[in-house]
Amino acid sequence: MAPHTDVEARAVDTAARLRAAGLRVTDSRRAVVDALIERPHASADELFAVVARTLPATSLQSVYNALGDFVDAGLARRIEPAGRPGLFELRVDDNHHHLICSRCGAVEDVDCVVGEAPCLTPSDAHGYAVQVAEVTFWGVCPACAQAAPGDGEPAVAGLARF
Ligand SMILES: [Zn+2]
Ligand SMILES: [Zn+2]
């Protein structure tokens with residue numbers, strides 16, 4: 001496919017994603033979806049910086065509003081690593097987990113540990129019907145480990161938070 005048709009195809013795809021989620025298609029919502037495609041696991045501030053390149057009149061508040069609408073509509077997922085700003089992504093249709101570098105904040109997707117949601121069983125569910133397990137593995141990414149080997153935390157993900 002030629003490059004210009006890729007761009008057109010993505011514009012159609014973006015609008016279709018919004019409509020499929022029951023959301024009205026607006027320039028700022030389209031720009032936020034495009035920013036999420038470009039920068040998965042970005043904070044609202046980071047997404048605003050991306051959106052502002054194509055839509056300079058956009059406000060941070062409108063990006064927050066779009067993200068809130070996306071999460072409510074099931075188009076985007078918000079992950080909230082402890083001590084860090086909330087991060088947003090479009091990959092919502094599975095129960096995947098995240099591996100986060102405790103030094104630089106790099107984030108990687110990790111597929112479900114076992115099959116499908118919730119994919120992990122609590123040692124005691126206290127009678128709850130468990131639907132989702134959100135696991136954050138904290139560790140040191142290869143780049144950080146190479147930059148400062150043996151400094152601080154062990155280079156192996158050790159802590160899983162639920
Ligand atoms: Zn790192
Ligand atoms: Zn993810």
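**View 1. Proline 85 sits in the loop between β2 and β3.** In this predicted model, Pro85 is partly exposed because 13 other C-beta atoms lie within 10 Å; a residue counts as buried with 20 or more other C-beta atoms within 10 Å of its own, exposed with 12 or fewer, and partly exposed in between, with the C-beta atoms placed from the backbone. Skip the residues up to four places away in sequence, and proline 85 touches Ser43 and Asp45. Contact here is a C-beta affair: two residues qualify if those atoms, placed from the backbone, lie within 7 Å. Proline 85 and serine 43 are 42 residues apart in sequence, yet their C-alpha atoms are 6.3 Å apart. Helices (H or I, at least four residues) and strands (E, at least two) are DSSP runs, numbered from the N terminus. Residues are numbered from 1 along each chain as its sequence is written, while chains are lettered from A and ligands numbered from 1 in the order in which they are written. As this is a predicted model, local features need pLDDT of at least 70 and side-chain atom pairs count only at pLDDT 80 or more, whereas totals for chains, interfaces and linings use all residues.

**View 2. Three strands make an open antiparallel sheet in the order β1-β3-β2.** The edges belong to β1 (42-43) and β2 (77-79); each has a single partner strand, so one side of each is left without a neighbour in the sheet. Strands pair if DSSP finds at least two bridges between them. β1 and β3 (residues 87-89) run antiparallel and are joined by 2 bridges. Look for alanine 42, which stands opposite phenylalanine 88 in β3.

**View 3. The largest nonpolar core brings together 21 residues.** A nonpolar core is a set of buried Ala, Val, Leu, Ile, Met, Phe, Trp, Tyr and Cys residues joined through C-beta atoms within 7 Å. Val32, Leu36, Leu47, Val51, Val63, Leu67 and Phe88 have the most contacts inside it. Two or more residues come from each of α2, α3 (44-54), α4 (60-73) and β3, and α2 gives the largest share, 5 residues. Leucine 67 touches Val32, Ala44, Ala76 and Phe88, again not counting residues up to four places away in sequence. In soluble globular proteins, nonpolar side chains tend to be buried together.

**View 4. Helix α2 covers residues 27-38.** From first C-alpha to last, its 12 residues reach 16 Å, close to the 16 Å expected at 1.5 Å a residue; the expected span is 1.5 Å times one less than the number of residues. Buried residues in α2 are Arg29, Arg30, Ala31, Val32, Val33, Ala35 and Leu36.

**View 5. Strand β4 pairs with both β5 and β6.** β4 (residues 97-101) runs antiparallel to β5 (residues 107-110), with 4 bridges between them. With β6 (residues 136-139), β4 pairs in the parallel sense, over 4 bridges. Histidine 98 is a handy landmark: its bridge partner in β5 is aspartate 109, and in β6 it stands opposite threonine 136. The hairpin of β4 and β5 has 5 residues between the strands, and glycine 105 there takes a positive phi near 85 degrees.

**View 6. Four cysteines carry a UniProt "binding site" annotation from an unreviewed entry: Cys101, Cys104, Cys141 and Cys144.** They are spread over 44 residues of sequence but cluster in space, with a largest C-alpha distance of 8.2 Å. UniProt positions are given in the numbering used here, feature names are shortened, and annotations may be inferred rather than shown by experiment. Cysteine 141 lies in the loop between β6 and α5 (142-147) and is partly exposed, with 19 other C-beta atoms within 10 Å. Beyond its neighbours within four places in sequence, cysteine 141 is in contact with Cys101, Cys104 and Ala106. Cysteine 144 is in helix α5 and counts as buried because 20 other C-beta atoms lie within 10 Å. With the same neighbours left aside, cysteine 144 is in contact with Cys101, Arg103 and Cys104.

**View 7. Glu116 is also covered by a "binding site" annotation in the unreviewed UniProt entry.** Glutamate 116 lies in the loop between β5 and β6. With 8 C-beta neighbours inside 10 Å, glutamate 116 counts as exposed.

**View 8. Residues 154-158 have a pLDDT below 50.** pLDDT is the predictor's confidence in each residue, from 0 to 100. The protein chain averages 86, and 88% of its residues score at least 70. Beyond near neighbours in sequence, the 154-158 stretch has 8 contacts in the model. Where pLDDT is low, the predicted coordinates should not be read in detail.
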